[in-house]
Amino acid sequence: MTTADAIARSLASPGGRTDFPFQPPYYAVIFCSQRTDARTDDGYGETADRMVALAAAQPGYLGVESARGTDGLGITVSYWRSLEDIRAWRAVTEHAAARDQGRRDWYRHYELRIARVERHYGWESADGAADPAAPAAASA
């Protein structure tokens with residue numbers, strides 16, 4: 001398991017439930033990408049691990065979740081306290097260099113979306129059939 005995988009999974013408890021201790025509002029940066037034909041020795045994994053660790057050290061960083069399919073399609077969502085924190089992360093020199101390399105070597109395309117999270121909730125089978133979004137079950 002890579003560092004990025006470990007950190008992405010750190011948001012989920014052993015039972016699978018997300019243990020996200022931050023209450024809305026906060027921001028989600030949604031990075032959807034399509035890899036080029038990947039080579040195991042192209043440095044992508046090491047750079048991705050480094051970016052996750054670097055982001056985690058930035059002010060306002062709240063967490064990350066990431067998945068990539070065998071077809072190279074990936075979605076990474078990082079969570080931030082404010083838009084200013086997101087701007088500051090974008091300006092980090094090492095992050096800018098990784099973006100440049102991504103455009104040059106690793107991605108066919110990518111899209112970035114920034115969204116304000118107003119509410120979050122979850123469900124798992126141990127909770128029973130109740131809809132977590134129903135007024136009686138919702139806390140926010």
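Which side chain meets that of Arg113 in a salt bridge? In this predicted model, the partner is Glu111, at 2.7 Å from N to O. Both residues sit in the intermediate range of accessibility. Arg113 is partly exposed, with 40% relative accessibility. Glu111 is also partly exposed, at 42%.

The pair belongs to a wider set. Seven salt bridges are counted in the model. One of them joins the side chains of Arg50 and Glu94, with an N to O distance of 2.8 Å. Arg50 is part of helix 2 and Glu94 part of helix 4, so this contact ties together parts that lie 44 residues apart in sequence. Neither end is buried: the limit for that class is under 20% relative accessible area. Arg50 has a relative accessible area of 38% and is partly exposed. Glu94 has 35% and is likewise partly exposed.

A further salt bridge is confined to helix 4. The side chains of Asp100 and Arg103 meet at 2.5 Å, N to O. Both residues lie in that helix. They are three residues apart, about one turn of the helix. Asp100 is partly exposed, with a relative accessible area of 39%. Arg103 is partly exposed too, at 46%.

Helix 3 shows a division between buried and exposed positions. The helix spans residues 83-91. Asp85, Ile86 and Trp89 are buried there. Seen down the helix axis, the buried residues of helix 3 fall within an arc of 100 degrees, so they line one face. The face turned away from this buried side carries Glu84, Arg87, Arg90 and Ala91. These four residues are exposed.

Several elements cover the buried residues of helix 3. Among the strands, the cover includes strand 1 (26-35), strand 3 (73-80) and strand 4 (107-117). Among the helices, it includes helix 2 (44-56) and helix 4 (93-106). Helix 2 and helix 4 also hold the two ends of the Arg50–Glu94 salt bridge. Thus two elements that cover the buried residues of helix 3 are themselves tied together by a side-chain pair. Helix 4 in addition contains both Asp100 and Arg103, whose side chains form the salt bridge described above.

Notes. Residues are numbered from 1 along each chain as its sequence is written. This is a predicted model: local features need pLDDT of at least 70, side-chain atom pairs count only at pLDDT 80 or more; totals for chains, interfaces and linings use all residues. Side-chain values use heavy atoms; hydrogens and water are left out. Buried means under 20% relative accessible area, exposed over 50%, partly exposed in between (1.4 Å probe, protein chains only). The arc is that of the directions from the helix axis to the C-beta atoms. Contact means heavy atoms within 4.5 Å. A salt bridge is a side-chain nitrogen of Lys or Arg within 4 Å of a carboxyl oxygen of Asp or Glu.
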